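Here are my notes for you, written as numbered points. Have a look at the picture, then read on with it open beside you.

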Amino acid sequence: MDGMGEEGDSIAAVGALGDPTRRKVYDLVVASGRSVSRDEVAQGLGVARTLAAFHLDKLVEAGLLEVGYARLANRPPGPGAGRPAKLYRRSESQVAVSLPPRSYVEVGSLLAEAVERSGADLTLQRVAHERGRAAAGEDMWEVLREWGYEPFERDAEICLRNCPFHALAQEFPPLICGMNLALLSGLAEGAGWPVTARMSPEKGQCCVTLSKEEEER
Amino acid sequence: MNLAQLNIGRLRFPLDGPELKDFVDGLPEINALGDSSPGFVWRLTDEGGADATGLRPYEGEDDILINMSVWESLESLRDFIYHTKHLEYMRRRREWFDHSGLEAYLVLWWVPEGHIPTVAEGKERLEHLIKHGPSPEAFTFRDPR
């Protein structure tokens with residue numbers, strides 16, 4: 001396998017985020033959690049539509065966003081109003097760059113397989129819970145963001161848009177999702193967040209949600 | 001073609017003891033969830049008809065339980081076990097079961113539509129996986145064929 005090409009692509013992808021406006025465009029698409037149009041991005045950032053389009057397409061070129069087409073209900077009339085709109089969402093692909101090269105995903109996969117084969121799920125859950133407790137920080141939203149969970153509120157729950165362990169969770173779901181639940185429970189317990197972490201698997205996001213406990217307000 | 005799966009596990013404690021209570025209590029709900037999941041075709045049951053906990057697939061090894069089922073596709077099985085409440089159940093597998101002395105505990109294979117596999121057939125597929133590694137005759141989720 002020629003690893004150079006992939007590494008080069010990853011560096012180009014990261015490089016594409018070097019421009020501050022483009023970074024904002026990327027962040028806006030990611031935070032929306034859905035597909036967004038050029039107009040939405042332009043309005044959201046207060047920039048011209050052509051500039052938003054330029055950065056969006058650069059992000060697609062870099063493999064960080066994906067494009068889809070759909071007819072929008074509230075599209076303003078005028079030329080092109082009948083055509084489907086170009087919509088952008090975060091790409092499924094994962095970009096990792098480490099210089100010098102480090103292969104933690106491969107190591108993670110090896111270790112996960114070893115844990116799985118030796119049936120040491122409960123030890124892993126115990127370690128994850130302890131780590132969570134030890135790392136606990138008071139500001140729940142801040143901590144969840146730092147861990148890469150991309151939290152957002154839905155009904156009385158805090159949902160996690162991103163699984164920080166996605167690649168491994170795909171390969172070893174019960175093992176890694178169990179670890180993740182233990183980690184989040186530990187974080188919540190350690191800092192006394194008024195939530196309970198529970199398993200609530202849903203495609204396309206983290207398998208854990210945080211249910212708010214009865215608030216004493 | 002449909003997808004068949006066989007899964008075995010060695011009980012860590014007696015099935016009727018306090019340690020296995022959550023597992024046993026959860027069976028009706030989890031089985032009902034599986035039975036009503038998209039793509040479900042069939043699952044193995046013992047004479048009681050509710051689940052397969054009365055079956056002992058290996059003579060002389062009274063602590064090895066089995067489950068076996070047939071699905072329309074790999075995706076439908078995957079969706080049920082990893083994207084429903086079943087995952088919460090599965091997360092706790094090592095509280096209840098271990099794999100001591102078992103070289104493999106899960107095998108998948110393709111069966112013609114309408115074919116209901118026997119326990120003997122499932123055990124053969126598991127043997128095949130152990131002997132030859134993943135192949136179209138016997139594979140796992142991590143090496144789908």
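1. Let's start with a helix that isn't straight. In this predicted model, α1(B) bends by about 45 degrees at B:Leu27. Look just past the bend and you'll find a proline, B:Pro28, which follows within four residues.

2. Now check the length of that helix. Helix α1 of chain B covers residues 21-35, which makes 15 residues. At 1.5 Å a residue they should span 21 Å, and the end C-alpha atoms are 22 Å apart, so the two values agree.

3. Next, try helix α5 of chain B, residues 119-132. It has 14 residues and reaches 20 Å from its first C-alpha to its last, close to the 20 Å expected at 1.5 Å a residue. Right after α5(B) comes B:Gly133, and its phi is positive, near 75 degrees.

4. Which residues of α5(B) are buried? They are B:Gly122, B:Arg125, B:Leu126 and B:Leu129. Down the axis of α5(B), the buried residues fall within an arc of 100 degrees, so they line one face of the helix. The spacing is worth remembering: an α-helix has 3.6 residues a turn, so residues three or four places apart point the same way.

5. Turn α5(B) around and the picture changes. B:Ala120, B:Lys131 and B:His132 sit on the other side, and they are exposed. As for the buried residues of α5(B), what covers them includes three strands of chain B: β1 (2-11), β3 (64-71) and β5 (106-111).

6. On to where the chains meet. How many residues of chain B are in contact with chain A? There are 13, and they touch 13 residues of chain A. On the chain B side, α2 (74-83), α3 (86-91) and α4 (93-96) each supply at least two residues. The most comes from α3(B), with four residues. By type, the chain B side that touches chain A divides into three nonpolar, three polar and seven charged residues.

7. Zoom out to chain A. Its secondary structure comes to nine helices and seven strands, and its C-alpha atoms fill a box of roughly 60 × 55 × 30 Å along the principal axes. Chain A has 217 residues, of which 26% count as buried. Take the contacts in chain A between residues at least 6 apart in sequence: 57% of them join residues at least 24 apart.

8. The domain assignment gives chain A two pieces to look for: domain 1 (3-90) and domain 2 (104-212). Taken over C-alpha atoms, the centres of domain 1 and domain 2 of chain A are 29 Å apart.

9. Find A:Phe152 in strand β4 of chain A, residues 151-154. Is A:Phe152 buried, exposed or partly exposed? With 15 other C-beta atoms within 10 Å, A:Phe152 is partly exposed. Leaving aside its neighbours within four places in sequence, A:Phe152 is in contact with A:Gly33, A:Cys159 and A:Arg161. Take A:Gly33: it is 119 residues away from A:Phe152 along the chain, yet their C-alpha atoms are separated by 9.5 Å.

10. Last stop: A:Trp147, in the loop between α7 (140-146) and β4 of chain A. A:Trp147 has 19 other C-beta atoms within 10 Å and is partly exposed, because a buried residue needs 20 or more. A:Asn162 is 15 residues away from A:Trp147 along the chain, and 9.9 Å separate their C-alpha atoms.

Methods: Residues are numbered from 1 along each chain as its sequence is written. Chains are lettered from A and ligands numbered from 1 in the order in which they are written. This is a predicted model: local features need pLDDT of at least 70, side-chain atom pairs count only at pLDDT 80 or more; totals for chains, interfaces and linings use all residues. Two residues are in contact if their C-beta atoms, placed from the backbone, lie within 7 Å. Ala, Val, Leu, Ile, Met, Phe, Trp, Tyr, Cys and Pro count as nonpolar, Asp, Glu, Lys and Arg as charged, and the others, Gly among them, as polar. The expected span of a helix is 1.5 Å times one less than its number of residues. The bend at a residue is the angle between axes fitted to the seven residues ending there and the seven starting there. A residue is buried if 20 or more other C-beta atoms lie within 10 Å of its own, exposed if 12 or fewer, and partly exposed in between; C-beta atoms are placed from the backbone. The arc is that of the directions from the helix axis to the C-beta atoms. Domain bounds come from an automatic or database domain assignment.
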